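Visitor: Please take a close look at a single part of this model for me, and then show how the rest connects to it. Short sentences will do.

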Amino acid sequence: MADTLIPVNLDDSPATNENVHNRWHPDIPIAVWVDPGDEFRIETYDWTGGQIANDDDAADVRDVELEQVHYLSGPIGVRGAQPGDLLVVDLLDIGAKNDSLWGFNGFFSRQNGGGFLTDYFPEAQKSIWDFHGMFTTSRHVPGVRYAGLIHPGLIGCLPDRAMLETWNAREKALFETNPQRVPPLAALPTAQAAHMGRLTGDAGTAAAAEAARTVPPREHGGNCDIKDLSRGSKVYFPVYVDGAGLSAGDLHFSQGDGEITFCGAIEMAGWLHLKVGLIRDGVAKYGIRNPVFRPSPITPAYDDYLIFEGISVDEHGKQHYLDVHVAYRQACLNAIEYLKKFGYSGAQAYAILGTAPVQGHISGVVDIPNACATLWIPNEIFDWDLMPAADGPVRHLDGSIDVPLAPDR
Ligand code: ZN
C-alpha cells in the first residue's frame with residue numbers, strides 16, 4: 001500500500017497539524033516532498049475541521065466559525081515542478097476514514113453565508129448521512145439511498161505572488177461595491193483563525209493578513225466542488241511556484257451539481273490515494289488557464305431521470321435576461337415542490353438536491369430573453385417510482401412527513 005505522507009488524527013485540532021493549512025499564499029512552506037511518478041496517500045479533515053457533530057442538533061451548523069475553513073492537507077511539493085508546468089494528478093482512490101464512516105449536509109443561516117435557496121431556508125439545519133460501503137442513507141431523509149461519487153471539493157496548487165495579488169484586488173473591488181451586504185459579496189483575507197501550516201510566528205501572521213481565503217474556485221482550481229472530479233479522475237493543474245505545492249481537502253461522499261445547500265455536499269473526513277507527474281511547460285503548450293480533467297471510468301450508473309426545467313423568470317414573475325442563475329434556481333424550486341408531494345418536507349427535498357447525484361445542465365442560453373436550466377433527479381435513488389402517474393403522487397413517507405430536518409430551534 002502507498003505510504004500515508006500526511007496523517008490526520010480527528011481527535012486533535014487541525015490547528016495543531018503542521019501539514020494542514022486553511023489559506024492560499026505562496027509563502028506557505030511545502031509540507032512533504034515527492035517525486036514525479038510517486039504514489040502516496042494523504043488524509044484530510046472534513047472542511048470545517050471537526051466543528052460539526054454526528055447528532056440531531058443543528059446548533060453547530062448555525063454557530064460554525066467560517067474563518068477556519070477550509071482545512072487542506074499539504075502543500076505537497078513535487079521535485080522539479082516549475083512555474084508554467086502542468087501538474088498531472090491521478091486521483092487513484094478516495095475514501096472515508098475508518099473511524100469516521102459518516103458525513104453531514106447543512107444549510108447555513110443567512111448570516112453565515114446562506115445557500116443557493118437561502119430566501120426559502122434561512123435557518124441553519126443539518127442532516128447526517130451514514131456510509132454503508134459505497135452507499136449512503138440518512139436517518140433525517142428517509143426513503144432514499146444512493147451510491148457515492150466521492151471527490152475532493154477542493155484541490156489545487158499554491159498561487160505565486162502575482163496571482164495572489166490579482167485575486168485580492170479583484171475580489172476586494174467586488175466586495176466594495178456593497179460592503180454591508182449579508183452574506184458578503186466575497187470572503188476577503190483575514191488573519192482570524194488562519195492556519196498557515198509551517199509558516200508561524202510574525203511571518204505567519206503577516207502572510208495570513210493577505211492570504212487568499214479558500215472559499216471560491218479560482219484559476220488554480222481550488223474550491224470547484226465538481227462532483228465528477230471523482231476517484232479515478234486525472235487532473236491537469238497549472239503550476240505557479242517551484243515544487244507546485246498541491247493541497248486538497250473538503251472531501252465529499254456525494255454531491256448534486258451546484259452544491260446548492262452550500263454546506264454543502266455530504267461532507268466528510270477521509271483520505272486520497274494520489275499519483276503525480278509533470279508536463280514541462282504544459283500551460284503554454286496547451287493554452288491552459290484553468291485546470292482540465294478526465295473523469296473517472298467508474299461512476300454510479302443512474303440513467304433513469306425525471307428532469308425539471310427552469311427559465312430565467314424568477315419566482316416573483318420578474319423577467320431576467322438569459323440569467324442561468326435564476327433559471328437553475330427555478331428548476332430547483334420546481335423539483336422541491338414536486339418532492340414535497342411525496343411527503344418530504346421542503347428541507348428534506350433541498351437536502352436531497354444538495355447531496356444526491358443529481359445533474360444540473362445549462363440547456364439553453366441563446367433564446368432571448370430566457371435561459372433554460374435543467375435539474376436531473378435519478379429515479380433509482382428512491383424507494384418508489386418518482387414519475388407522474390394517473391392516480392397522482394402517493395404519499396410514501398407516512399410517519400416521517402412531519403419530522404423536521406434537525407432544526408436549530
Ligand atoms: Zn464541501
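**A six-stranded sheet and its surroundings**

Guide: The model is predicted. Start with an open sheet of six strands, ordered 1-4-17-6-14-18, with mixed pairing. Strand 1 (4–6) and strand 18 (292–294) are the edge strands, and each pairs on one side only. From one strand to the next, the twist averages 35°.

Look at the edge formed by strand 18. Strand 14 (residues 234–238) runs antiparallel to strand 18, and three bridges join the two. One residue pair to pick out is Lys234, whose bridge partner in strand 18 is Arg294.

Now move to strand 6, which covers residues 86–96 and contains Leu86. Is Leu86 buried or exposed? Its relative accessible area is 2%, so Leu86 counts as buried. Which residues surround Leu86, once neighbours within four places in sequence are left aside? One group of contacts is Tyr236, Phe237, Pro238 and Val239. Tyr236 and Phe237 fall in the range of strand 14, residues 234–238. Other contacts of Leu86 are Gly277, Leu278, Ile279, Gly282, Val283, Tyr286 and Ile288. Sequence distance says little here about place: Leu86 and Ala244 are 158 residues apart in the chain, yet their C-alpha atoms are 9.0 Å apart.

Ala244 leads on to strand 15, which spans 244–252. Six bridges join strand 15 to strand 11, and the two run antiparallel. In that pairing, His151 of strand 11 has His252 of strand 15 as its bridge partner. Strand 11 also runs antiparallel to strand 13 (residues 221–222), with two bridges between them. There, Gly156 stands opposite Gly221. How many residues of strand 11 (residues 151–157) are buried? Seven of the seven are, so strand 11 is largely enclosed by the rest of the structure.

Strand 10 (residues 141–147) comes next. Five of its seven residues are buried, so strand 10 too is largely enclosed by the rest of the structure. Strand 9 (residues 135–138) runs antiparallel to strand 10, with three bridges between them. A hairpin of two residues joins strand 9 to strand 10. Ser138 stands opposite Val141 of strand 10.

Ser254 ties several of these pieces together. Ser254 sits in the loop between strand 15 (244–252) and strand 16 (262–268). With a relative accessible area of 1%, Ser254 is buried. Leaving out residues up to four places away in sequence, Ser254 touches Tyr146, Gly148, Leu149 and His151, among others. Its contacts also include Ala265 and Ile266, as well as Thr355, Ala356 and Pro357. One of these contacts is polar: the Ser254 side chain reaches the backbone oxygen of Thr355 at 2.6 Å.

Thr355 takes us across a domain boundary. The domain assignment of the chain gives domain 1 as 4–294 and domain 2 as 305–381. The C-alpha centres of the two domains lie 26 Å apart. In domain 1, 28 residues are in contact with 23 residues of domain 2.

Domain 2 has its own sheet to examine. Three strands form an open antiparallel sheet in the order 19-21-20. Strand 19 and strand 20 stand at the edges with a single partner strand each, so one side of each has no neighbour in the sheet. Neighbouring strands here are turned by 25° against each other on average, direction ignored. Strand 20 and strand 21 pair antiparallel over five bridges. In that pair, Ile362 has Ala373 of strand 21 as its bridge partner. Helix 5 packs on this sheet and touches strand 19, strand 20 and strand 21. The direction of helix 5 makes about 135° with that of strand 19.

Finally, helix 5 itself. Its 17 residues (324–340) should span 24 Å at 1.5 Å a residue, and its end C-alpha atoms are 24 Å apart, which agrees. At the N-terminal end, Asp323 provides a cap: a side-chain oxygen lies 3.0 Å from the backbone nitrogen of His325. Helix 5 is mostly covered, with 12 of its 17 residues buried. Among the buried residues are Val326, Tyr328, Arg329, Cys332, Leu333, Ile336 and Leu339. The buried residues of helix 5 pack against strand 19 (305–311), strand 20 (359–364) and strand 21 (372–378), and also against helix 6 (346–355).

Notes. Residues numbered from 1 in each chain as written. Predicted model: local features only at pLDDT ≥ 70, side-chain atom pairs only at ≥ 80, totals over all residues. Heavy atoms only, no water. Helix = DSSP H or I, 4+ residues; strand = E, 2+ residues; numbered from the N terminus. Buried < 20%, exposed > 50% of the residue type's maximum accessible area, 1.4 Å probe, protein only. Contact = heavy atoms within 4.5 Å. Expected span 1.5 Å × (residues − 1). Polar contact = N/O pair within 3.5 Å; in protein donor to acceptor, adjacent residues only side chain to side chain. Pairing = 2+ DSSP bridges. Axes fitted to C-alpha atoms, helices over the stretch in contact; angles between N-to-C directions. Domains from an automatic or database assignment.
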